[in-house]
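Student: I would like to take a close look at one part of this protein. Could you please guide me through a single residue and its surroundings, and then place that residue within the whole chain?

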Amino acid sequence: MLDDFFTRALVAGIGIAIITGPLGCLVIWRRLSYFGDTLAHSALLGVTLAYAFSLNIAFSVFVISAVIALLLLNLQKRTRLAGDSLLGLLAHSTLAIGLVLMGFLSSIRFDIMGLLFGDILAVTLQDIALVWIGGFIILGILYFIWKSLFSATVNYDLASAEGMKPNIYNMIFTLLLAGVIALSIKMIGTLLITGLLIIPAAASRNITNNPKQMVLVAILIGILSVTIGLFTSLELNTSSGPSIIVIALILFIISLIPLELRGKLQKGKQFGN
């Protein structure tokens, strides 16, 4: 069954959607969308180093993304710059360094479009195993730290006062984000992985009423985005990664309809009174 390239892409994409669902919700709740984008930009440097030193791409991307995440946490304590300024500095600096190093490696042929936008149709059985095993580990760790992480998201000072050590769990969370980017860069690409993290979670927020529902619906929307996006790319002969993100965007727009209806009902009640 997994001999077919499309089936492999579908299995890998669904695995990524399951991982990005809960992580994306935390990114939305913590307002860390640009942070995810920074890690995704740094992934290009990780890929360049992987080619230069013949390393595993996922491992190299994880190491670089983890270093950037920890560097950000350290810089926040040492400088007076705002968080968004530091994120912008790190995002564009790592992207530029990666592109400059790529220029020195003239003997190696880089697929720039594949790095930026991914090629989920080219996944192998090894990639599928990496996504599902790595995803299981990421979700297991996230489940273990969820309570403390969610408490720190709601009220950082209260979580700290109750001895939950939010700084440690924040660091673990950033490493988990680095992990999911490393797992998915080959399939979704550096420019699109943040979209798969944020858009399904944002759409879920529009139509759910509690955190548990939001996580489950975010996973469902992610799976629908991958499935419909892959079938669309096959039928219309479009790029698979961008097609997935476009479908996610369409689902987000659809999720706005209940909000519009709710707003009209509330206005109707006000005028009725």
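Tutor: Let us begin with V63, in what is a predicted model. V63 counts as partly exposed because its relative accessibility is 33%, and partly exposed residues are those lying between the 20% limit for buried and the 50% limit for exposed. This residue belongs to helix α3, which runs over residues 57-78. On the surface, V63 joins F59, F62 and V67 in a nonpolar patch. Together, these four residues offer about 340 Å² of accessible area.

The surface as a whole may now be considered. About 14,200 Å² of the protein is exposed, and 66% of that area comes from carbon and sulfur atoms. Of the 273 residues in the protein, 46% are buried.

Helix α3 is part of a chain with 11 helices and zero strands. Reading along the sequence therefore gives α-α-α-α-α-α-α-α-α-α-α, with strands being absent from the pattern. Among contacts with a separation of 6 or more, 75% are between residues 24 or more positions apart.

Finally, confidence deserves attention. The mean pLDDT of the protein is 82, and 88% of the residues score at least 70. Among its elements, helix α10 (residues 211-236) has the highest mean pLDDT, 92, whereas helix α5 (residues 112-117) has the lowest, 64. Where pLDDT is low, predicted coordinates should not be read in detail.

How values were computed. Residues numbered from 1 in each chain as written. Predicted model: local features only at pLDDT ≥ 70, side-chain atom pairs only at ≥ 80, totals over all residues. Heavy atoms only, no water. Helix = DSSP H or I, 4+ residues; strand = E, 2+ residues; numbered from the N terminus. Buried < 20%, exposed > 50% of the residue type's maximum accessible area, 1.4 Å probe, protein only. Contact = heavy atoms within 4.5 Å. Areas by Shrake-Rupley, 256 points an atom, 1.4 Å probe, with all protein chains shown as cover. Patch = residues over 30% accessible without salt bridge, like charges linked within 9 Å, V, L, I, M, F, W, Y side chains within 5 Å. Salt bridge = Lys/Arg side-chain N within 4 Å of Asp/Glu carboxyl O. pLDDT = per-residue confidence, 0-100.
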